[in-house]
Amino acid sequence: MEGVDEVLEKRKAGVIMQNIVLIGFMGTGKTAIGRIVARMLNYHFVDTDQMVEEATNLTINQLFRKHGEIRFRSEEALVVKKLAGRERLVIATGGGLVLNPENVKLLKQKGIFVLLTADPKVVLERVSRKNTRPLLAKGKNMETIMSLFKDRSRFYAEYAEFTVDTSHISLEESAEKIVQIVKEQKEQANN
Ligand code: S3P
């Protein structure tokens, strides 16, 4: 089966990337920043969690509670399949979407992967404002965050093509950085 490397080779060989895929841990700003990037580039904004909620008619919390994480991951993968052929999208992904290599492969075909990061303290402060994240239901604390992050960081590092640290800049500033990256990529592709 074709892997992520082969897909990237093909993309380099001439397929111009049409989507911007925001990956990264919970609380790094994927959704809020993604909306702004989409507005700035006149792209369509989609959020995989929101699509899962619409497809199942359940909130992410309800889905985890009623059917468990495995079902959530399969709904998430179905959403990715639906998005795979589309273009001119800014896609905010759920923090665990990149754990499934098939999701990565499908989205890399047309998408540039931008990793958003934030200091763990900042993540904790941001996620503490909401109760929408079942993986943090047992404890919104540094220990839970660090332990999840430890399992995830190698995936983020492996798939990221660009990284923006959102810890100490505004949503608009993060969005501008992403738009700049995309512009530079397009210029390079045209030269
Ligand atoms: C998850 C992150 C959430 C959501 C779900 C699982 C994860 O999305 O997909 O609660 O595994 O990290 P955000 O990253 O948008 O919070």
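This briefing walks through the ligand shell, helix H8 and the nonpolar cores of the structure above. The model is predicted: local features need pLDDT of at least 70, side-chain atom pairs count only at pLDDT 80 or more, and totals for chains, interfaces and linings use all residues. Residues are numbered from 1 along each chain as its sequence is written.

**Around the ligand**
- Met26, Lys30, Thr31, Asp49, Ile60, Gly94, Gly95, Gly96, Arg133, Pro134 and Leu135 surround the ligand, each with its C-beta atom, placed from the backbone, within 6 Å of it.

**Helix H8**
- H8 covers residues 171–190; helices are DSSP runs (H or I, at least four residues), as are strands (E, at least two), numbered from the N terminus.
- Ser174, Ala175, Lys177, Ile178 and Val182 of H8 are buried, that is, with 20 or more other C-beta atoms within 10 Å of their own, where C-beta atoms are placed from the backbone.
- These buried residues cover an arc of only 160° around the axis, so they lie on the same side of H8; the arc is that of the directions from the helix axis to the C-beta atoms.
- Glu172, Gln180, Lys183, Glu184, Glu187 and Asn190, on the other side of H8, are exposed (12 or fewer such atoms).

**Nonpolar cores**
- The largest core has 32 residues, of which Ile20, Val21, Leu22, Val37, Ile91 and Val114 touch the most other members.
- A core is a set of buried Ala, Val, Leu, Ile, Met, Phe, Trp, Tyr and Cys residues joined through C-beta atoms within 7 Å.
- H4 gives the most to this largest core, six residues.
- Another core, of seven residues, lies apart from it and includes Phe25, Ala118, Val127 and Ile145.

Notes. The expected span of a helix is 1.5 Å times one less than its number of residues.
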